[in-house]
Amino acid sequence: MKILVTGSAGFIGYHLTKALLKENLEVVGLDNINDYYDVNLKFGRLLDSGFIESSIRYGELIQSDCHSLYRFIKLDLCDKIELNRLFEEQKFDVVINLAAQAGVRYSLTNPQAYLDSNIQGFLNILECCRNNEIKHLLYASSSSVYGLNESMPFSTQHNVDHPISLYAASKKSNELMAHTYSYLFGLPTTGLRFFTVYGPWGRPDMAIFLFTKAIIEGKPIQVYNNGQMKRDFTHVDDIVDGILKIINCAPGHNQMWDGKVPNPSFSSHPYKIFNIGRGKPVRLLDFIEELEKSIGKKAEMILLPLQSGDVEQTWADVSELQSSFGYNPKIEVCDGIPQFVDWYKTFYDAET
């Protein structure tokens, strides 16, 4: 089986690619290495396991001596011509689309980036999958699609028609676009709603990264909603484990579909949505306390009100993934946070 992983220089893409290679699967990684955050971190991920050599040129496949089953290409999903060429040449069996413009707060000031990457880029992926007989397309959605929903835990059977950020709206759009291609062209698609993923090699715009950096440097941290927010913090290893369980299980036509009482999580056609989370919300102040323990230093906190685009709580109902595939997230924040702090200190040569 040959798999395309888009966003392979990203946080989840990097960890997933490593796991796929451990399974001796042939992988092509794609990333545009944009400057949304420090590109040195992206190259660091690629170099960490020998995914690429020390230099890279646009549009050129680079074979690593360390992984005979892996090749990397620097390419933007919006480059429709080169993307089509890649699909035609490589003959992928499965596509895992993790490439996207991430970040809720960034979408408040840079909306065009989300339309380009998350809408146009995803449309190009759908077209390539449609035209090249892809057996299964898995794609990243987000817990942010739940928006104004207050019923907990968040279930894929809930309505998600009230997003509160353009990022969330773009992810909801991806789910709708995927269903259209499943219905019209029989393309098997699975949407994965990720819940607050954290762990080593994480993104610099995420809370654990920002807090760790500030605490180590003796700077104050901004804590929104006075620290009373709750998040379903999910370690990246549990996320990857969930993805691996689904790859070979493309959805098919479902006889349980009832158009009079439509279930948003599946369709009469080959379409499915899953939550992937820890299933246990953690209060932000408790998360910070675990960080303080791992760093060995108290945080100076600036308490602020809830910010536009943020929700007060996330909590994933992962029962369907558990019952269908034996998904069993194992890593508690008390174990996952020290892993991240150890990685951060090593990568940035940081001392408390």
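User: What do contact, helix and strand mean here, and which elements cover the buried residues of α9?

Analyst: Contact means heavy atoms within 4.5 Å. Helices (H or I, at least four residues) and strands (E, at least two) are DSSP runs, numbered from the N terminus. This is a predicted model; local features need pLDDT of at least 70, side-chain atom pairs pLDDT 80 or more, and totals for chains, interfaces and linings use all residues. The cover of α9 includes α7 (207–217), β9 (221–224), β13 (282–283), β14 (301–304) and α11.

User: Which residues of α9 are buried?

Analyst: Residues are numbered from 1 along each chain as its sequence is written, and side-chain values use heavy atoms, with hydrogens and water left out. Buried means under 20% relative accessible area, with a 1.4 Å probe and protein chains only. In α9 that gives L284, F287, I288, E290, L291, E292 and I295.

User: Is α9 parallel, perpendicular or oblique to α11?

Analyst: The axes, lines fitted to C-alpha atoms over the stretch in contact, have angles from 0 to 180 degrees between N-to-C directions. Those of α9 (residues 284–295) and α11 (residues 333–347) come within 9 Å and cross at roughly 50°. Under 35 degrees is roughly parallel, over 145 roughly antiparallel, 65 to 115 roughly perpendicular, and the rest oblique. So α9 is oblique to α11.

User: Is K172 buried or exposed?

Analyst: K172 lies in helix α6 (residues 166–185). Leaving aside neighbours within four places in sequence, K172 is in contact with V145, V160 and D161. Its relative accessibility is 17%, so K172 counts as buried.

Note on methods:
Buried < 20%, exposed > 50% of the residue type's maximum accessible area, 1.4 Å probe, protein only.
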